[in-house]
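Me: I should like a close look at one part of this structure, namely its nonpolar core and the residues that pack around it. Please give a single connected account.

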Amino acid sequence: MEEEATEIVKLKDLSGARWDEDKSMIVLDHEHYTNHVKAHPEDEQYLNKTIIHYKEMMYIAGGSMAIGQYAKDSSDPLSTEVVNLE
């Protein structure tokens, strides 16, 4: 369920996507939908269709899932240097 919730969070951020809160649906216009599903057929189940049990899923898995967008690896610095301007 957590993987499914993470995928939904990513899809909600697609370029051209609109979230319909009343229907719990990620809405894409015909052109965006067709192009995306052609490249990613596994996502079809979440696009332009009501996502059944969406609210329950987000409640269980958490509405703001970590999707790795700002993740760092072990070679990335944890902070930046502070420069004294005096």
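Reply: The account below begins with the chain as a whole and then turns to the core and to individual residues.

The model is a predicted one. Its chain contains three helices and two strands, arranged along the sequence as α-β-β-α-α. Of the 86 residues, 26% count as buried. The exposed area of the chain is about 6900 Å², of which carbon and sulfur atoms supply 51%. Among contacts between residues at least 6 apart in sequence, 54% join residues at least 24 apart.

The largest nonpolar core has 14 residues. Those with the most contacts inside this core are Ile 8, Ile 26, Leu 47, Ile 51, Met 57 and Met 58. Helix H1 (2–12), helix H2 (30–39) and helix H3 (54–61) are the elements that give two or more residues to the core. H1 contributes the most, with four residues.

Ile 51 offers a useful view of the surroundings of this core. With neighbours within four places in sequence left aside, Ile 51 is in contact with Ile 8, Ile 26 and Met 57, among others; these three are also listed with Ile 51 among the core residues with the most contacts inside it. The remaining partners of Ile 51 are Trp 19, Lys 23, Ser 24 and Tyr 46.

One of these partners, Ser 24, is placed in the loop between strand E1 (18–20) and strand E2 (25–27). Ser 24 counts as buried because its relative accessible area is 7%, under the 20% cut-off. Beyond its neighbours within four places in sequence, Ser 24 is in contact with Trp 19, Lys 49, Thr 50, Ile 51, Tyr 54 and Lys 55. Trp 19 is thus a contact of Ser 24 and also of Ile 51. Between Ser 24 and Thr 50, the separation is 26 residues in sequence, while their C-alpha atoms are 5.5 Å apart in space.

A further buried position is found in helix H2, where Val 37 lies. Val 37 counts as buried because its relative accessibility is 14%, which is also under 20%. Not counting residues up to four places away in sequence, Val 37 touches Glu 44 and Leu 47. Leu 47 is one of the residues with the most contacts inside the core. From C-alpha to C-alpha, Val 37 and Leu 47 are 8.7 Å apart, at a sequence separation of ten residues.

Technical notes. Residues are numbered from 1 along each chain as its sequence is written. This is a predicted model: local features need pLDDT of at least 70, side-chain atom pairs count only at pLDDT 80 or more; totals for chains, interfaces and linings use all residues. Side-chain values use heavy atoms; hydrogens and water are left out. Buried means under 20% relative accessible area, exposed over 50%, partly exposed in between (1.4 Å probe, protein chains only). Contact means heavy atoms within 4.5 Å. Accessible areas come from the Shrake-Rupley method with a 1.4 Å probe; for residues, only the protein chains shown count as cover. A nonpolar core is a set of buried Ala, Val, Leu, Ile, Met, Phe, Trp, Tyr and Cys residues joined through side-chain atoms within 4.5 Å.
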